[in-house]
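Hi everyone, thanks for coming. I'll walk you through one structure today, so have a look at it first and then we'll go through it together.

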Amino acid sequence: MHRMLYPALTALAAPVPPVLHGAGAPAESCARPPAEAATLGGQAVMEGIMMRNGPVYALAVRMPDGDILVERRRWYSLGSGAVSGRPFVRGFPLLVETLVNGIRALNRSAEFAAPEQADRPGGAQLVLTLLLSLAMAVGLFVAAPHLLALGMKVLGLGGDLERLSFHLWDGFFKFAIFLGYIAAISLVPDIRRVFQYHGAEHKVIRAFEQGGDVSARSAASCSRLHPRCGTTFMLFVLSVAIVLHAVLVPLFLWLWQPQGAFARHAGTLLFKLALMVPISAVAYELIRCAARLGPSLWGRLLRAPGLVLQLLTTREPEREHLEVALVALREAVSPEAAARLQTPSYTVLE
C-alpha cells in the first residue's frame, strides 16, 4: 500500500484526539492531576506518538534501527483565542486544525519510519493526504449511508427523505460502516501497530495524571482506555448528525423543492456536507460537557460508548511503544514535569 494512504486511513480512524484530551475536566484516574495534564493531548502516528501541549507538540518516532527521534513543532492554529474559546463556534475550526496537524505529523512520521521511501514532497503531500482523507470520509460516511438508506426505501423498508425512517436507516448505516471500517483496518499490520501506539499514549497520559515518577513499567499497569480520548467525538458526531438530519433535511426540502429525484438527493447530500459545521460544533460541546461531569453517573454514561469503541481503536502496547510515548510526553511538557519521566536515550532533531 502506498505510504500516503496510511495517514489517510489513520486520520479517519481517530481524527481528533489532540483536541479533546484537554477538554477541561480532571481525569477519572486521580482526584488531583498535575496542572499540565489538562492541556495534554496525543495522537498515534506511524511508529510513534505526537503529543500536544498547548501551542507546541512533540513528535517521537521509533526508527528502523531502534533509535528514537523526536522533534518539537508549533501547533498550527486556524483562529484567534476569541474563536477557539467561544462555545458552538470553536468546534469546527478545532476539528479542521486538528486534522491538518494530525496529518502533518502522520506524514512526517512516515518519512521517519520508512526513510528509504521518503520523497519529502512537503506541502503537496499534506494537501493530497488531506483531500484523500476528506474524499474517503465523504464517500464512506455521507454518500454510502445515504444511498443504502435510499435502497431500503426501494425495498419498501424505509420512507422518503422527509420521513424519519430514512434518517434512522441513514444513521444505522453510518454506525455500521464506521465500526466495520475500524475493524477492517485493524487487520492491517501497520495500522494495528498504530493502534498499539494509541494505547501507549493513553497509558502514559494516565500515568502522568496520577502524579509521581512515570516509567514504562508504571504506565504499563494503567488502562489503555482514556475517558477523554477523541475517539468518543466520532460517536457524538454520528449521533448529532442523525438528529440534525432528521429535523433539518425535511425543512430544507420544504424550503427548496427541486424537480426530479436526482436533484433532490444531490442537493440533500450537499446540504449534509454543509451541516458538518454545526454538527461538529454541537458534538464538541457535548464531549466537553461529558468531561466536566467527571465521575458522576451522567458523565460515565456519556463516556461509556467511547470507552467501548476504544477497545477497537487501541491495542495493548509493548514496552517499545510505551518508551516512544514517554519520549514524546517528556519533550512536550515543562522541564519541571519532564524530570518525573524516565525515558530511554533518544535524539532530538533541531
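**Salt bridges, cores and a helix pair**

Let's start with charges: there are 14 salt bridges in this structure. Keep in mind that we're looking at a predicted model.

Take E320 and R193 as one case. Their side chains come together in a salt bridge, 3.8 Å from N to O. E320 sits in helix 13, residues 319-332, while R193 belongs to helix 7, and 127 residues separate the two, so this pair links distant parts of the chain. Are these two buried or exposed? Neither, really: E320 is partly exposed at 27% relative accessibility, and R193 is partly exposed too, at 24%.

Another pair is E316 with R224, where the closest N and O atoms are 3.7 Å apart. Which parts does this one tie together? E316 is in the loop between helix 12 and helix 13, and R224 is in the loop between helix 8 and helix 9, so the bridge connects parts 92 residues apart in sequence. E316 is partly exposed, with a relative accessible area of 43%. R224 has 19%, and because buried means under 20%, R224 counts as buried.

Now a local one. R319 bridges to E323, with the closest N and O atoms 3.1 Å apart. They're four residues apart in helix 13, so about one helical turn separates them. R319 is exposed at 53%, whereas E323 is buried at 16%. Elsewhere, E71, R73, R108 and E111 are joined into one network by salt bridges that share partners.

Okay, on to the nonpolar side. The largest nonpolar core has 47 residues, and M51, F208, L329 and V333 are the ones with the most contacts inside it. Which helix gives the largest share of this core? That's helix 7, residues 189-209, with nine residues. Let's zoom in on L329: not counting neighbours within four places in sequence, L329 touches L40, M51, V204, F208 and L341. There's also another core lying apart from that one, with 21 residues, including L94, F166, V240 and Y284.

Last stop: two helices packing together. Helix 6, residues 164-185, and helix 12, residues 297-313, pack at an angle of about 35°, and their axes are 9 Å apart. Helix 6 brings F178, L179 and I182 to the contact, and helix 12 brings L309, L312 and T313. What kinds of residues are these? Five are nonpolar, one is polar, and none is charged.

That's my tour, and I'm happy to go back to any part.

Note on methods. Residues numbered from 1 in each chain as written. Predicted model: local features only at pLDDT ≥ 70, side-chain atom pairs only at ≥ 80, totals over all residues. Heavy atoms only, no water. Core = buried A, V, L, I, M, F, W, Y, C linked by side-chain atoms within 4.5 Å. Buried < 20%, exposed > 50% of the residue type's maximum accessible area, 1.4 Å probe, protein only. Contact = heavy atoms within 4.5 Å. Axes fitted to C-alpha atoms, helices over the stretch in contact; angles between N-to-C directions. Nonpolar A, V, L, I, M, F, W, Y, C, P; charged D, E, K, R; others polar. Salt bridge = Lys/Arg side-chain N within 4 Å of Asp/Glu carboxyl O.
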